[in-house]
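This report goes through one protein chain by topic. Please keep the sequence and the structure open while reading.

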Amino acid sequence: MRLDKLREIAQRKNLPCVLVAGEPNVYYYSGFNGVGYLLYCDGRTTLIVSVLEMNRAISAGLPDVDIVVADPGGILQGWNSGEVKVYPKKVSEFVAEQVGNRALGLDLGWANRAIENALREKGVKLEDVSELVRDQRAVKDYDELERITKAGEITAKALRRAMSEVTPGITERELAGIIDYYMKKFGAEEYAFPTIVASGPNSAFPHHEPKDERLRPPNLLVDWGAKYGGFCFDSTRTFGLSDSPEFKKYYEAVLEAQTEAIAAVKEGVKASELDSIARKVLSKYGLDKAFHHSLGHGVGIEIHEYPTIGPGSNDVLKEGMVITIEPGIYLRNKFGIRIEDTIIVRKDRAEVLETLDKEFTHI
């Protein structure tokens, strides 16, 4: 649990109370993996859930966290338990009672408009703390890095095993299913995102959904990642399915772009500079206009987090951030190439959590 970080937000903003919304944020601070709100107020932390989430909250066994069940419908009327407190009104009313006429820090990036409006109507003074929440989550501690590293090990092991089962005639959807199976078999609690398997012209679509089509030359692109201990991993590899000189040449260009961008990763570097480095490499080969997305993104509890590694980003790398570097080119009706690694930002270098070799491979 990271309840102390809620106290840090309250102290930095000189606020008596902070309310956190959104499943990823609630999980980050409390370890509760469910729907609810986390209220830090006057030195105490309360998890507020609905009746539907009551048993999950009790079973989570959260020390130093009070549990309140908001029950405006009176479902639990007359029910008594020493494990939770039943509050017969809405979440907003409970929060308003605790805060009173004081100020409340609220993560407006996650709180829905309904609770925001309800709190304002009750006279609660709201102060946005979304940037502080974002910044705290962006820099990972030792435990978070261990979980992400483990997710990476599962990710790598799953694809190695799945690729050993590729046979003539296998379809994109079949291969995606095999990869998913092995991620679960090797310890993933979930997939970080739907696995992408794309071959030939299909690989020119960055977010292609696997089809019941046999793998087609000149290439196979796989974008996959496991989730372990609540944290995600993200990786992409592109393989050759033919002896196309053009494809191999372009593959080497994308790999060069990724290699040079990774070499520049360290604390204090602007995210936009990394994107610019990759695009300059691709421009040497006349491929910069075929690079249709940002160079990367943060990774953590969610697959896409702060910072953004893109041309318009003002974000600056900090030690302990986990990011992806994933240059790609997409040539419609021909093929697409993307190479992606998940990376820990260290003070003076990048620590690449590689999954498979990146040298051109013909399968």
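Helices and strands are DSSP runs, helices of type H or I with at least four residues and strands of type E with at least two, numbered from the N terminus. The model is a predicted one.

## Overall make-up

The chain contains 10 helices and 20 strands. Of its 363 residues, 54% are buried. The C-alpha trace spans about 70 × 40 × 35 Å along its principal axes.

## Strands β2, β3 and β4

Strand β3 covers residues 44-50, and 5 of its 7 residues are buried, so the rest of the structure largely encloses it. On one pairing, β3 is joined to β2 (residues 37-41) by 5 bridges in the antiparallel sense. Within this pairing, L38 is opposite L47 of β3. The two strands β2 and β3 make a hairpin with 2 residues between them, and D42 in the turn has a positive phi of about 55 degrees.

Strand β3 also pairs with β4 (residues 66-70), here in parallel and again through 5 bridges. V49 has V69 in β4 as its bridge partner. Between β3 and β4 the chain passes through helix α3 (residues 54-59), giving a right-handed β-α-β crossover. D64 lies in the loop between α3 and β4. Its phi is near 65 degrees, a positive value in a residue other than glycine. With 68% relative accessibility, D64 counts as exposed, since the cut-off for exposed is over 50%.

## The sheet of β8, β11 and β12

An open sheet is formed by 3 strands in the order β8-β11-β12, with antiparallel pairing. Strands β8 (190-191) and β12 (231-232) are at the edges with a single partner strand each, so each has one side without a neighbour in the sheet.

Strand β11 (residues 226-228) is joined to β12 by 2 bridges, and the two run antiparallel. K227 has C232 in β12 as its bridge partner. In general, strands of a sheet pair through backbone hydrogen bonds, either parallel or antiparallel.

## Salt bridges

The count of salt bridges is 27. One of them joins the side chains of D143 and R147, at 3.1 Å from N to O. These two residues are 4 apart in helix α7 (residues 142-163), which puts about one helical turn between them. D143 is partly exposed, with a relative accessible area of 35%, and R147 is also partly exposed, at 25%. Both D143 and R147 belong to a network of salt bridges that further includes R2, D141 and E144.

Another salt bridge is formed by the side chains of R161 and E165, at 3.8 Å from N to O. R161 is partly exposed at 37% relative accessibility, and E165 is partly exposed at 30%.

The side chains of D341 and K358 also meet in a salt bridge, at 2.6 Å from N to O. This pair links distant parts of the chain, 17 residues apart: D341 is in strand β19 (residues 341-345), while K358 is in the segment after β20 (350-353). Both D341 and K358 are buried.

## The cavity

The structure has 1 cavity of 30 Å³ or more. The largest cavity holds about 30 Å³ of space. Its lining consists of R237, T238, F239, Y251, D357, K358, E359 and T361. K358, a lining residue, is also the salt-bridge partner of D341.

Strand β13 (residues 235-240) supplies the largest share of this lining, with 3 residues. By type, the lining residues of the largest cavity divide into 4 charged, 2 polar and 2 nonpolar.

## Backbone details

Two cis peptide bonds can be located in the model. One joins P217 and P218, with omega of about 15 degrees. P218 lies in the loop between β9 (196-199) and β10 (219-224). The other runs from Y306 to P307, with omega near 10 degrees. P307 is part of strand β15 (residues 305-309).

N14 has a phi near 55 degrees, a positive value in a residue other than glycine. N14 sits in the loop between α1 (3-12) and β1 (17-20). The relative accessible area of N14 is 70%, and the residue is exposed.

Technical notes
Residues numbered from 1 in each chain as written. Predicted model: local features only at pLDDT ≥ 70, side-chain atom pairs only at ≥ 80, totals over all residues. Heavy atoms only, no water. Pairing = 2+ DSSP bridges. Buried < 20%, exposed > 50% of the residue type's maximum accessible area, 1.4 Å probe, protein only. Right-handed = clockwise from strand over helix to strand, strands pointing away. Salt bridge = Lys/Arg side-chain N within 4 Å of Asp/Glu carboxyl O. 1 Å grid on protein atoms, 1.4 Å probe; cavity = no way out; pocket = protein on both sides within 12 Å on 5 of 7 lines; lining within 4 Å. Points joined across faces, edges and corners; volume = space filled by probe spheres on them. Nonpolar A, V, L, I, M, F, W, Y, C, P; charged D, E, K, R; others polar.
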